[in-house]
Amino acid sequence: MWEDSREALSPLSLGDRERILDAGAGTGELARVLDAESPGAVVCLDADPELLGVARADTGLEAVVGDATRPPFVDRSFDLVVCQALLVNLPDPAAAVRAFSDLSTDLVAVIEPDNGDVGVDSTVEREVELEKRVRAAYIEGVETDVSMGDRLVSLFRESGLSDVRTRRYYHRKVIEPPYGEGSLSDAARKASGGALSQHERELRGTLSGDEYDALRSEWREMGRDVIEAMREGTYRRAEVVPFDVVVGRVTDAV
Ligand SMILES: C[S@@+](CC[C@H](N)C(=O)[O-])C[C@H]1O[C@@H](n2cnc3c(N)ncnc32)[C@H](O)[C@@H]1O
């Protein structure tokens, strides 16, 4: 996503950083960009050792297993603490922002998608309607706030961060011929129902058993239509994911 949106990272002053923590780094997608853009040392933190193993192997960066709401570092260990798509996964995102403000001597930044405001267009018409239904049911069933938007700014202010700046960006993903391997395997996961099963728990939280089964069968049929359209070379899908970049400054650092 950062290939065409690096300008969104300018408020993080990456050129001036000495030590950066990427909290909830996963496989290191953001850490890789931070490392390329900053002369500072980048450290990855994640609760999942397997994902971190990938980050360590792919980036060569220091990778530490731990909970972002109780990070295993002494206060003021970094001059930037940043996360991408972490808060939307946490039951208590405020605890993470408070922890980040304790850890940083200067900046705290979060980059979070607004999953409630995603736009999809597709040449397979029923894909648009089905994705809308699945997204609505998922958002109702999921236990965390996956559409934080303006609430991010409140979290920053409540944590005592100052100079809070926020800006919304839009990440556009397009699938069109010639189809890459990722697009082909996404289509296969639609047709097998795998893409839906990934969110089965949340969907079953709001749908009855029969509703879920009916949705799954419609979804798989749609997946088969997508594969067919790909074979014919007529499939095109565009998705726009809004994401907010929020940056604040630590005021009470010693
Ligand atoms: C959607 S992924 C984002 C990964 C990465 N930041 C990226 O943008 O590609 C969310 C990540 O947060 C991690 N995570 C979830 N809860 C966590 C916690 N309490 N402490 C640390 N990491 C956590 C997950 O293991 C996962 O790697």
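The paragraphs below walk through strand pairing, aromatic pairs, salt bridges and ligand contacts in a predicted model.

A convenient place to begin is the pairing of two strands. Strand E2, which covers residues 41-46, runs parallel to strand E3, residues 62-65, and the two are joined over 4 bridges. Within this pairing, Val-43 is found opposite Glu-62 of E3. Helix H2, residues 49-59, belongs to the same arrangement: together with E2 and E3, H2 makes up a β-α-β unit of right-handed sense.

The aromatic side chains come next. A pair of aromatic rings is described by two quantities, the distance of the centres and the angle of the planes. In this model there are 4 aromatic pairs. In one of them, the ring centres of Phe-73 and Phe-78 are 5.1 Å apart and the planes stand at 90°, so this pair is classed as edge-to-face. Both partners can be placed on the accessibility scale. Phe-73 has a relative accessibility of 17% and counts as buried, because the cut-off for that class is under 20%. Phe-78 is likewise buried, with a relative accessible area of 2%.

A further pair has another geometry. The centres of the Tyr-169 and Phe-243 rings are 5.7 Å apart with their planes at 25°, so these two rings are stacked. This pair links distant parts of the chain, since Tyr-169 belongs to strand E7 (residues 162-175) and Phe-243 to strand E8 (residues 237-249), with their positions 74 residues apart in sequence. Tyr-169 and Phe-243 are both buried. The two also share an aromatic cluster with Trp-2.

Charged side chains add another set of contacts. As a general point, side chains of opposite charge can pair when their charged atoms come close. The model contains 28 salt bridges. One of these joins the side chains of Arg-17 and Asp-79, with an N to O distance of 3.7 Å. Here, too, distant parts of the chain are linked: Arg-17 sits in the segment before strand E1 (19-23), Asp-79 is part of strand E4 (residues 78-84), and the two are 62 residues apart. Arg-17 is buried, at a relative accessible area of 7%. Asp-79 is buried as well, and its relative accessible area is 11%.

Strands E7 and E8, already introduced through their stacked rings, are also connected by charge. Arg-168 and Asp-244 form a salt bridge in which the closest N and O atoms are 2.9 Å apart. Arg-168 is in E7 and Asp-244 in E8, so this bridge ties together parts of the chain that are 76 residues apart in sequence. The two partners fall into separate accessibility classes: Arg-168, with a relative accessible area of 27%, is partly exposed, whereas Asp-244, at 6%, is buried.

A salt bridge of local character is found within a helix. The side chains of Glu-228 and Arg-231 meet at 3.6 Å, N to O. Both residues belong to helix H9 (residues 209-232) and are 3 residues apart, about one turn of the helix. Glu-228 is partly exposed at 38% relative accessibility, while Arg-231 is exposed, with a relative accessible area of 65%. Beyond single pairs, a network of salt bridges links Glu-127, Glu-131, Lys-173, Lys-190, Arg-237 and Glu-239.

Attention now turns to the ligand. The ligand is surrounded by 16 residues, and the closest are Gly-24, Asp-46, Asp-67, Ala-68 and Gln-84. Several polar atoms can be matched to ligand atoms. Gly-24 places a polar backbone atom 2.7 Å from a nitrogen atom of the ligand. Asp-46 contributes a polar side-chain atom, which lies 2.7 Å from an oxygen atom of the ligand. For Ala-47, a polar backbone atom is 3.2 Å from a nitrogen atom of the ligand. Asp-46 also falls within strand E2, residues 41-46, the strand that pairs with E3.

A last polar contact concerns a loop residue. Gln-198 is located in the loop between helix H7 (194-197) and helix H8 (200-204). At 53% relative accessibility, Gln-198 counts as exposed. The side chain of Gln-198 makes a polar contact of 2.9 Å with the side chain of Arg-189.

Conventions: Residues are numbered from 1 along each chain as its sequence is written. This is a predicted model: local features need pLDDT of at least 70, side-chain atom pairs count only at pLDDT 80 or more; totals for chains, interfaces and linings use all residues. Side-chain values use heavy atoms; hydrogens and water are left out. Two strands pair if DSSP finds at least two bridges between them. A crossover is right-handed if, with the strands pointing away from the viewer, the path from the first strand over the helix to the second runs clockwise. Rings of Phe, Tyr and Trp (its six-membered ring) pair if their centres lie within 6.5 Å; planes under 30 degrees apart count as stacked, over 60 as edge-to-face and the rest as tilted. Buried means under 20% relative accessible area, exposed over 50%, partly exposed in between (1.4 Å probe, protein chains only). A salt bridge is a side-chain nitrogen of Lys or Arg within 4 Å of a carboxyl oxygen of Asp or Glu. A residue is near a molecule or strand if one of its heavy atoms lies within 4 Å of it. A polar contact is a pair of N or O atoms within 3.5 Å; within protein, one must be able to donate a hydrogen and the other to accept it, and residues adjacent in sequence count only if both atoms are side-chain atoms.
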